[in-house]
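Here is a colleague's note, meant to be read slowly with the structure open beside it. The points go from strand pairs to sheets, then to the chain as a whole and to the ligand.

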Amino acid sequence: MNLAKELKNFKGEIKFGEPLSRHTTFRIGGKVKIWAKPFDYSSLRLLINLAKLSAMPILMVGAGSNLLVSDDSLEAIAINLSAGNFSKFRLNSNIVSAGAGLGLARLIECSLEAGLGGIEFLAGIPASLGGAIRTNAGTTIEGRIKSISEVLEELRIMTADTKIVTLEKKDLGFVYRDSNLSQCIILEAKLKLKRKSKVKIKKLLRENLKDRLETQGTDYACAGCIFKNPGVKLLGAKSAGFLIDKSGFKGKRVGAAEVSVRHANFIINRGGAKAKDVIKLISLIKGKVKEKFAITLESEIKIIDFKLVPCFSKGTLNFL
Ligand code: EPU
């Protein structure tokens, strides 16, 4: 297939054989056939059609903060929506319409400038809005889990047949750190924020960032919490960090991957860590926590082993 011809009308940034290690906060990941940042809907449609024609799967990459991909190369199209139309911010009273590629830090900053709060709990989460919605990102404040779905009103997505559809919150299957949005492209979200004094918003932001830094801060590349907290829906839910800590894993290393001594649910890349090191460490942790507490930890990060990606047939759209 002549890729240059297929992409003749593509507007945006495109790279061939781009290492994903440049785009994940773990700084780990092999090469993908195409790395693309489309500027507009028609260029996004071109990529979807190319994926179908060539049977290449699509990997949506936001801030790359919840992603562990293997070190091999893969015939796939990685799409990042941080450019052009996809990172806009618009206001209508206290309703914010923002593009999926907008970073949460920028979303919080633009909202603050407009005197709108209610999303201070998202401060410090290194995610794009689309990635945060897909994973229902959030934080635990004073024992209560707060997730981005709480402020979401409406979502625009692009479907596999490149139609643009508006969905309501109730259709999105939000649960703790998950949604049913893995097989579509999130384009834009409407969030309902609250009018607040800028002083109060800034105070909350400072407090949340300080807490995060104190409990999790690291100078090394990492992907945030590796595991979900088990049993969050039940009384007496446990923190995965607590369980891993009590299993004696702080500071434990496989290759250059190390369990953070600050927060045991973080694995840090001490420099040059391979995906296989992290995967081995994850497996050791799961084994020990299961043995000691009879609890099966579930990954919060998305792990994609390129060797296990099946061959897809032409004509269908597949998301990794
Ligand atoms: N703890 C330990 N040892 C550790 C880590 C934690 O004993 O190494 C204990 C703490 O002392 C505390 C309890 O475990 O008593 C809970 O710890 P923490 O307050 O750090 O919260 P968490 O449940 O570990 C959750 C989210 C974080 C979020 C914090 C905000 C999950 C999986 N994690 O962590 O989210 O920042 O609350 O307080 O839901 C992420 O999702 O990537 C993430 C970092």
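1. A definition is needed before any pairing is described: two strands are said to pair if DSSP finds at least two bridges between them. With that in hand, and bearing in mind that this is a predicted model, one can begin with strand β1 (residues 12-19) and strand β2 (residues 31-38), which pair in the antiparallel sense over seven bridges. Within this pair, Glu18 has Val32 in β2 as its bridge partner.

2. Strand β2 should then be followed to another neighbour, strand β5 (residues 74-79), with which β2 pairs in the parallel sense over four bridges. Here the residue that stands opposite Trp35 is Ala78 in β5. As background for both points, strands of a sheet pair through backbone hydrogen bonds, and they may do so either parallel or antiparallel.

3. An open sheet of five strands comes next, and its strands follow the order β6-β7-β13-β11-β12 with antiparallel pairing. Why is one side of β6 and of β12 left without a neighbour in the sheet? Strands β6 (89-92) and β12 (164-168) stand at the edges and have a single partner strand each, so each of them has one side without a neighbour there. From one strand to the next, the twist averages 20 degrees.

4. Inside that sheet, the pair formed by β11 (residues 152-158) and β13 (residues 185-192) can be checked in more detail, since six bridges join these two antiparallel strands. One residue to locate is Ile157, whose bridge partner in β13 is Ile186.

5. A further open sheet has four strands, in the order β15-β18-β17-β16, and its pairing is antiparallel. Its edge strands are β15 and β16 (253-254), each of which pairs on one side only. Strand β15 pairs with strand β18 (residues 266-269) in the antiparallel sense over three bridges, and in this pair Cys225 has Phe266 in β18 as its bridge partner.

6. Turning to the whole protein chain, one counts seven helices and 19 strands. The radius of gyration of the chain is 20 Å, close to the 20 Å that the globule rule gives for 320 residues, so the chain is as compact as a globular protein of that length. The C-alpha trace spans about 55 × 50 × 35 Å along its principal axes.

7. Which residues are closest to the ligand? The ligand is surrounded by 20 residues, and the closest are Tyr176, Gln216, Asn229, Ala264 and Glu300. By kind, the residues of this shell divide into six nonpolar, nine polar and five charged.

8. Several distances to oxygen atoms of the ligand deserve a careful look. A polar side-chain atom of Tyr176 lies 2.7 Å from a ligand oxygen atom, while for His263 a polar side-chain atom lies 2.9 Å from a ligand oxygen atom. In the case of Thr140, a backbone N or O atom lies 3.1 Å from an oxygen atom of the ligand. Taken alone the ligand exposes 810 Å², of which the protein buries 73%.

9. Finally, the elements that give two or more residues to the shell around the ligand are β9 (138-141), α5 (198-216), β15 (221-225) and α6 (240-246). Helix α6 gives the largest share of that shell, three residues. Strand β15 is thus worth finding twice, once as an edge strand of the four-strand sheet and once among the elements around the ligand.

Definitions and conventions. Residues numbered from 1 in each chain as written. Predicted model: local features only at pLDDT ≥ 70, side-chain atom pairs only at ≥ 80, totals over all residues. Heavy atoms only, no water. Axes fitted to C-alpha atoms, helices over the stretch in contact; angles between N-to-C directions. Near = heavy atom within 4 Å. Polar contact = N/O pair within 3.5 Å; in protein donor to acceptor, adjacent residues only side chain to side chain. Areas by Shrake-Rupley, 256 points an atom, 1.4 Å probe, with all protein chains shown as cover. Nonpolar A, V, L, I, M, F, W, Y, C, P; charged D, E, K, R; others polar. Rg over C-alpha atoms; globule rule 2.2 N^0.38 Å.
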